[in-house]
Amino acid sequence: MPTVLAVETSCDETSVAIVKDNEILSNVVLSQISIHAPFGGVVPELAARHHLKNLPVIFDQAVKQAKIDLLALDAVAVTVGPGLIGALLVGLSFAKGLSLALKKPLIGVNHLLGHVYAAKLAYPTLSTPFIALIVSGGHTELMYFSEDFLKPKVLGRTVDDAAGEAFDKVARLLDAGYPGGPAIEKLAKTGDPNKFDFPKALMEKGNLNFSFAGLKTAVLYTLSKNPNVSKKDVAASFQKAVVEVLVEKTVSAAKQERCRRIVVSGGVAANELLRLEFEKKAQELGLEIYIPPKSLCTDNAAMIARAGVELFEREMFCNLDVNADPNLSF
Ligand code: KG4
Ligand code: ZN
């Protein structure tokens, strides 16, 4: 049962966690929302600077909360990509320093794999085969894990904006606040989801790619044509369109691969409507749905540490010359 400390700084959350096998000993997450909110999106340079400032403090908190001696750690894991290059480099440098000082092996983790492992933390008995939908600010990936947790087949991905990016951009159009996902979700609560029939792209049978750019443009046209339109109705109709696409394509993927198990993770998986619609579909079609609690869906280091546990067991370590890769994929 290895104990792994992980560092996650790929975007705008500074996080350090310590995980022992499937048990989270600590998972400290500091969001930079208030720093980036005035700009309506993440400013990469500011993100990196704040990671640099906050990482030592977050690290101390995580170690104190876990109540373990640092020498009891088996390894140091860190997100090496994908993400913002400056932000990634801050976390990677910090983790390399720790690895060197503690004489513990260093493990480089793909952030997307971390999102998948959030489900393993929440559901320790989860095993392959399963379909995974990872929906975040930077990614919308539909994958099939047939046997190995580390080697998925990519079934589809977005050809333009990620689902979370669409939420963030539409929130900006609606002047709803940042980050866009929770802001749209709040507005949509009292809106009419059937008021606007926004387009759903690439819905032809067999196409498991996603496209959200047209949907965003449709919202823009609707707003410019009717300046007095109810923002709540626009938000609710937009959210419904995104959720329908995500659920329909994931279910198609499950049918295509004859797989009854579905994992949904990433920031957008914190969305209530998405969670509800997946649960409904699961009941209707007899599927098993695994969606981690919200705190493990959005960026956090516990999911990176859990992926690190798996990599540790396979002795997949990296050298101190490992570099960050902002475009890392599977
Ligand atoms: O996974 P994550 O924390 O960071 C990335 O790896 O990108 O995802 C952040 C994204 C943002 O685009 C945010 O607007 C979206 O997830 N998000 C949501 C919700 N909470 C966060 N989208 C829809 N509904 C939510 N409740
Ligand atoms: Zn993420």
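Around ligand 1 in this predicted model, 19 residues form the surroundings, and the closest are Gly137, Asp168, Gly181, Glu185 and Asp299. That makes the ligand site a good place to start reading the structure.

**Polar contacts to the ligand**

Two of those closest residues, Asp168 and Asp299, turn up again when you look at polar side-chain atoms. Asp168 puts one 2.7 Å from an oxygen atom of ligand 1, and Asp299 has one 2.9 Å from a ligand oxygen. On the nitrogen side, look at Asn271: an N or O atom in its side chain is 3.1 Å from a nitrogen atom of ligand 1. Here are the three pairs side by side.

| Residue | Ligand 1 atom | Distance |
|---|---|---|
| Asp168 side chain | oxygen | 2.7 Å |
| Asp299 side chain | oxygen | 2.9 Å |
| Asn271 side chain | nitrogen | 3.1 Å |

How much of ligand 1 does the protein bury? On its own the ligand exposes 550 Å², and the protein covers 89% of that.

**Where the site sits**

The space that ligand 1 takes up is the largest pocket. Three elements give two or more residues to the shell around it: α4 (111-122), α5 (163-173) and α6 (180-188). Which of the elements gives the most to that shell? It's α6, with 4 residues.

In terms of chemistry, the shell breaks down into 4 nonpolar, 12 polar and 3 charged residues. Its residues also come from two domains: domain 1 (3-115 + 297-314) and domain 2 (127-291) each supply at least three.

**Backbone oddities**

If you're checking the backbone before setting anything up, a few spots deserve a look. There are cis peptide bonds from Gly81 to Pro82, with omega near -10°, and from Thr128 to Pro129, with omega near 5°. As for where these prolines are, Pro82 is in the loop between β4 (75-81) and α3 (85-102). Pro129, in turn, is in the loop between α4 and β6 (130-135), and α4 is one of the elements already named for the ligand shell.

Then there's Asp175. Although this residue isn't a glycine, its phi is positive, at about 55°. Where does Asp175 lie? You'll find Asp175 in the loop between α5 and α6, and both of those helices give two or more residues to the shell around ligand 1.

Notes:
Residues numbered from 1 in each chain as written. Chains lettered and ligands numbered in written order. Predicted model: local features only at pLDDT ≥ 70, side-chain atom pairs only at ≥ 80, totals over all residues. Heavy atoms only, no water. Near = heavy atom within 4 Å. Polar contact = N/O pair within 3.5 Å; in protein donor to acceptor, adjacent residues only side chain to side chain. Areas by Shrake-Rupley, 256 points an atom, 1.4 Å probe, with all protein chains shown as cover. 1 Å grid on protein atoms, 1.4 Å probe; cavity = no way out; pocket = protein on both sides within 12 Å on 5 of 7 lines; lining within 4 Å. Sits in = over half its atoms within 2 Å of the grid points. Nonpolar A, V, L, I, M, F, W, Y, C, P; charged D, E, K, R; others polar. Domains from an automatic or database assignment.
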